[in-house]
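Trainee: Please take me through one part of this model in detail. I would like to follow a single helix and what surrounds it.

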Amino acid sequence: MDKSVNTLNNEHQVCWPERLSYGASNFACCLSFGLIGNFLMYFYTDAYGISAAAVGTLFLVARVIDAFNGPFWGILIDHTHTRWGKSRPYWLWFSIPYSIFCVLVFTTPHLNLGGKILWAYITYIGVDVLYSGVNIPLTSILPNLTSNANERVTLSTISALFATAGSTLISVIALPLVKAFGQGNNQKGFFWLGLILAFLSCIILLNAFFNTRERVQSVAERRSLPIKTSLKALKGNWPWAIIVFIDFVYWIGMQTRNQVTVYFFKYNMHAAWLTSIMLGLGLFGSITVAVTPWFSKRIGKRNTMMVGWLVSIAGQLVMWVGAKVQNVPIIIAANIIVNLGLGFISGLIAVMLADAVDYGEWKNGVRAEGIITAFSSFGAQLGMGLGGAITGWVLALGGYVANQAQTQSALNAITWNYVWIPIMGFGLSAIALLFYHVDSFQDKMEADLRAKHAREEAASKDN
């Protein structure tokens, strides 16, 4: 049997090369899909000539498809049993198709408006579905990399640091590189940038496949799980339900904020050059990501995340003040505050999902990493899509017209997307987090599962 699927009921730490390979996979996802998430609406409206309302509808339709897309990948993972493990093979199988669609989504064939919209639907939905194929395994593999709760926080922290680096890097370099590659032609600039990022992401994801190992699995988990059995892991799994909801409303707020940043500084502040700088302030999130393990050991995961939400909401309120008086230093300070708060959150969501996998096995006797993490990915992508749709619809309702001086109603619509919708998402997440209580019984849950795995392994050897 391949050593990657051996059952190891131990507390061993994961070696640094594997930690870095795992974390780098999140860098790859955030680098390539960050370009799509932050700039695709701008690319469609201001470079490819599609209306904001049409783009908003496209993003919503894609999320309806995600109602089937996320669980589909989760079921596939739970039915996968290879010598490489359950989650790892998906990086091998789908990194190349995903990278191809990362290029196609920024390809601009000469079509009429209807043809452009159809092309956008095909390529965006394609890249969205394939992104799930390489991103869901990033979360589903975490509970199988180690059984140690502190090591999971470490791995998730490293992954979040890489994610912050990827998101910040693409935010800073995207528009300058589009300008450099395009020489005044944004369609050409986005295409070449998409091609380069797709190639880099493919190499990094394949590296993650070759340099990670799935070492924590129960005896029963070595067999494919029927769908009906996988779904039992969700019964009464309140930690999972809470994190799915948080992922959903959090990404509504984040997507509206991220997508409208370029509009806010181009039209409201009349300083489009500030866009890259403001998005680059996401690097401040790495400070709180780095100290997340220290905080979570002392005040618990839930309380650490709650601090993150409250700080982020405070930063958004400061942002409103800065937007109202159009004061750049205040807006810079607000962005720093928001990103410091978000750092606590990004470092813990994957860990809490891993805890939900353990909880499903502890409560229901079924360990189903695929279906549990897939529904969380569905929640996140549904939030991203709805956030994208809301952004487009609010802009359209405000009377936004690309590459023109905007009316006051259009400027107000941009501000709503940039300030108030994120506050709503962050606030609802904080309220939901009040009902999360895994920290209070995690030690007992881990001890019970270790004993259960030891009994199963002994019984397997006897047979």
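**Helix H1 and its surroundings**

Mentor: Start where the helix stops: H1 is followed by Gly-49, which has a positive phi, near 80°. Keep in mind that this is a predicted model. Helix H1 covers residues 16-47, and it has a kink of about 60° centred on Phe-39. Of the 32 residues of H1, 29 are buried, so the helix is largely enclosed by the rest of the structure. Here buried means under 20% relative accessible area.

Now look at what the helix belongs to. The largest nonpolar core has 115 residues, and Tyr-44, Tyr-124 and Tyr-263 are those with the most contacts inside it. Helix H1 supplies the largest share of this core, 16 residues. In soluble globular proteins, nonpolar side chains tend to be buried together.

Tyr-124 is a useful residue to follow from here. Leaving aside residues up to four places away in sequence, Tyr-124 touches Ile-36, Leu-40 and Tyr-44, and also Leu-58, Phe-59, Ala-62, Arg-63 and Val-105. Apart from the largest core lies another core, of five residues, including Trp-73, Ile-77, Tyr-90 and Ile-136.

For a pair of helices elsewhere in the chain, turn to H6 (residues 149-182) and H14 (residues 349-364), whose axes come within 9 Å and cross at roughly 140°. The crossing is right-handed. On the H6 side, Arg-152, Val-153 and Ser-156 make the contact, and on the H14 side Ala-350, Val-351, Ala-354, Asp-355 and Asp-358 do. By class, this contact has four nonpolar, one polar and three charged residues.

Methods:
Residues numbered from 1 in each chain as written. Predicted model: local features only at pLDDT ≥ 70, side-chain atom pairs only at ≥ 80, totals over all residues. Heavy atoms only, no water. Core = buried A, V, L, I, M, F, W, Y, C linked by side-chain atoms within 4.5 Å. Buried < 20%, exposed > 50% of the residue type's maximum accessible area, 1.4 Å probe, protein only. Helix = DSSP H or I, 4+ residues; strand = E, 2+ residues; numbered from the N terminus. Contact = heavy atoms within 4.5 Å. Bend = angle between axes of the 7 residues up to and from the residue. Axes fitted to C-alpha atoms, helices over the stretch in contact; angles between N-to-C directions. Left-handed = near helix turned anticlockwise from the far one by under 90°. Nonpolar A, V, L, I, M, F, W, Y, C, P; charged D, E, K, R; others polar.
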